[in-house]
Amino acid sequence: MSTFQNDFIGSSPQLTSVIRSAKVVASTDVTILISGESGTGKELLASAIHKESRRANEPLITINCSAIPESLAESELFGHRKGSFTGSTSDYDGLIKAADGGTLFLDEVGELPLSVQAKLLRFLETGERQGLGEPSPSKVDVRVISATNRDLYTEAQEGRFREDLYYRLQVVPVELPPLRNRSGDIPILLNAMIERFSGLHNFAPPSFKKSAMKALDQHKWPGNVRELRNFCERMVILFNGKEIGFENLPLEIRNSHVKNNFPAKIADLLDLGLSLADFEIELIQSALRKTNGNQTKAARLLGLTRDTLLYRIKKHAISI
Ligand SMILES: Nc1ncnc2c1ncn2[C@@H]1O[C@H](COP(=O)(O)OP(=O)(O)OP(=O)(O)O)[C@@H](O)[C@H]1O
Ligand SMILES: [Mg+2]
């Protein structure tokens, strides 16, 4: 089994096609730009590409471009000689040199200060780096993968990112689709993550009732796989071996499910001036019809106790 199949859970055509291209480019030295919303697996993909490349036994150096202050970015990447600027008390080779022979992963590359972008472009064109205060450049053998959750094309059009660097970084662009667009992957990921975290915490795996699974499958997962992963870990800990129903799901998931499943017809009825009392009567009658008049079952369908249902039937003088 390849690193990709091992690391990436999911079998949707959308994910499979990304993995297919990643496998092809992994064996080359070509520069790759991975884009995708937060939590879609950009870092995981960069590391899988490195592990599947001829550089697998050499370092994978990750730089989070949004975490380095602008004043230090150049020296962090390219290095410096002692005394080349105030406070440089020793020689430092920089992260590009540290990745020599291996892979450099520029995470959140859209955040790289414009001043350093020019120098990075020169390095990509020539394969040479030159630290601050170094008399001459030196060759390094580094494969560059970068990632962004911004639309770098627009950033380039609007002058916040160098256009020439954008084209140089994305010799091969790879776009990880948001989880909500990966058909069929949500249940697969839920089951696999529940199993993974149950094993990790040594708990019995909980299971999802149909109603819960349906809501989870329809959830938009704005935080993508990261959100789903954290949700599964929480469920394993809270529901050790138990069944998880719709009512046990986090409020935001329940709310968005109810909102998205609010039947269009009901919304139309509001335009006709349907009152809440009419609506309640309508719902109670439907529940009673559905359960052939069984009040206990009808109460359960409506999320009420039998006493409350009886009270409401009496109040509205409802008959089936
Ligand atoms: N298809 C997948 N199968 C299994 N785990 C995955 C998958 N995709 C992502 N993950 C996991 O989800 C989490 C988030 O992934 P990752 O950090 O790679 O996302 P990202 O795109 O880099 O997010 P950000 O933009 O916020 O940095 C990680 O724990 C990663 O291992
Ligand atoms: Mg990331």
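The exercises below, each with a worked solution, explore a predicted model of one chain with a ligand.

**Exercise 1. The domains**

State into which domains the chain is divided, and how far apart the C-alpha centres of domain 1 and domain 3 lie.

Solution. Begin with the division of the chain, which gives domain 1 (3-177), domain 2 (180-261) and domain 3 (266-315). Then take the C-alpha centres of domain 1 and domain 3, and the separation between them comes to 59 Å.

**Exercise 2. The surroundings of ligand 1**

Describe the shell around ligand 1 by its closest residues, its elements, its domains and its residue classes.

Solution. Step one is to list the residues: 15 of them surround ligand 1, and the closest are S38, G41, K42, E43 and V225. Step two is to ask which elements give two or more residues to this shell, and these are α3 (42-51) and α11 (224-238). Step three turns to the domains, where domain 1 (3-177) and domain 2 (180-261) each supply at least three residues to the shell. Step four sorts the shell by class, which yields 4 nonpolar, 7 polar and 4 charged residues.

**Exercise 3. Helix α3 and the nonpolar cores**

Find the buried residues of α3 and what covers them, and then examine the largest nonpolar core and the contacts of I34.

Solution. In α3, the buried residues are K42, L45, A46, A48, I49 and H50. Their cover includes α1 (3-7), α2 (13-26), β1 (32-35), β2 (60-64), β3 (103-107) and β6 (143-148). The largest nonpolar core has 39 residues, of which A22, I34, I49, I96 and L104 touch the most other members. To follow I34 further, leave aside its neighbours within four places in sequence; I34 is then in contact with K42, L45, A46, I145, A147, V174 and L176. A second core, separate from the largest one, has 19 residues, with L179, F197, A215 and L249 among them.

**Exercise 4. One face of helix α10**

Identify the buried residues of α10, explain why they line one face of the helix, and name the elements they pack against.

Solution. Helix α10 spans residues 210-218, and its buried residues are A212, A215 and L216. Viewed down the axis of α10, these buried residues fall within an arc of 100 degrees, and therefore they line one face of the helix. On the packing side, the buried residues of α10 meet α9 (185-201), β8 (207-208), β9 (243-244) and α12 (251-261).

**Exercise 5. Two residues in a loop**

Decide whether P206 and N202 are buried or exposed, and give the contacts of P206.

Solution. P206 is found in the loop between α9 and β8, and N202 also lies in the loop between α9 and β8. P206 has 20 other C-beta atoms within 10 Å, and because 20 or more is the cut-off for burial, P206 is buried. N202 has 8 such atoms within 10 Å, and because 12 or fewer is the cut-off for exposure, N202 is exposed. Not counting residues up to four places away in sequence, P206 touches I194, M235, V236, F239, N240, G241, K242, E243 and I244. By contrast, P206 and A99, which are 107 residues apart in sequence, are 43 Å apart in space, C-alpha to C-alpha.

**Exercise 6. Positive phi angles**

Give the phi angles of N202 and N224, and state whether N224 is buried or exposed.

Solution. N202, although not a glycine, has a positive phi of about 60 degrees. N224 is likewise a residue other than glycine, and its phi is positive, near 55 degrees. N224 lies in helix α11, and with 21 C-beta neighbours inside 10 Å it counts as buried.

Definitions and conventions
Residues are numbered from 1 along each chain as its sequence is written. Chains are lettered from A and ligands numbered from 1 in the order in which they are written. This is a predicted model: local features need pLDDT of at least 70, side-chain atom pairs count only at pLDDT 80 or more; totals for chains, interfaces and linings use all residues. Helices (H or I, at least four residues) and strands (E, at least two) are DSSP runs, numbered from the N terminus. The arc is that of the directions from the helix axis to the C-beta atoms. Two residues are in contact if their C-beta atoms, placed from the backbone, lie within 7 Å. A residue is near a molecule or strand if its C-beta atom, placed from the backbone, lies within 6 Å of it. Ala, Val, Leu, Ile, Met, Phe, Trp, Tyr, Cys and Pro count as nonpolar, Asp, Glu, Lys and Arg as charged, and the others, Gly among them, as polar. Domain bounds come from an automatic or database domain assignment. A nonpolar core is a set of buried Ala, Val, Leu, Ile, Met, Phe, Trp, Tyr and Cys residues joined through C-beta atoms within 7 Å.
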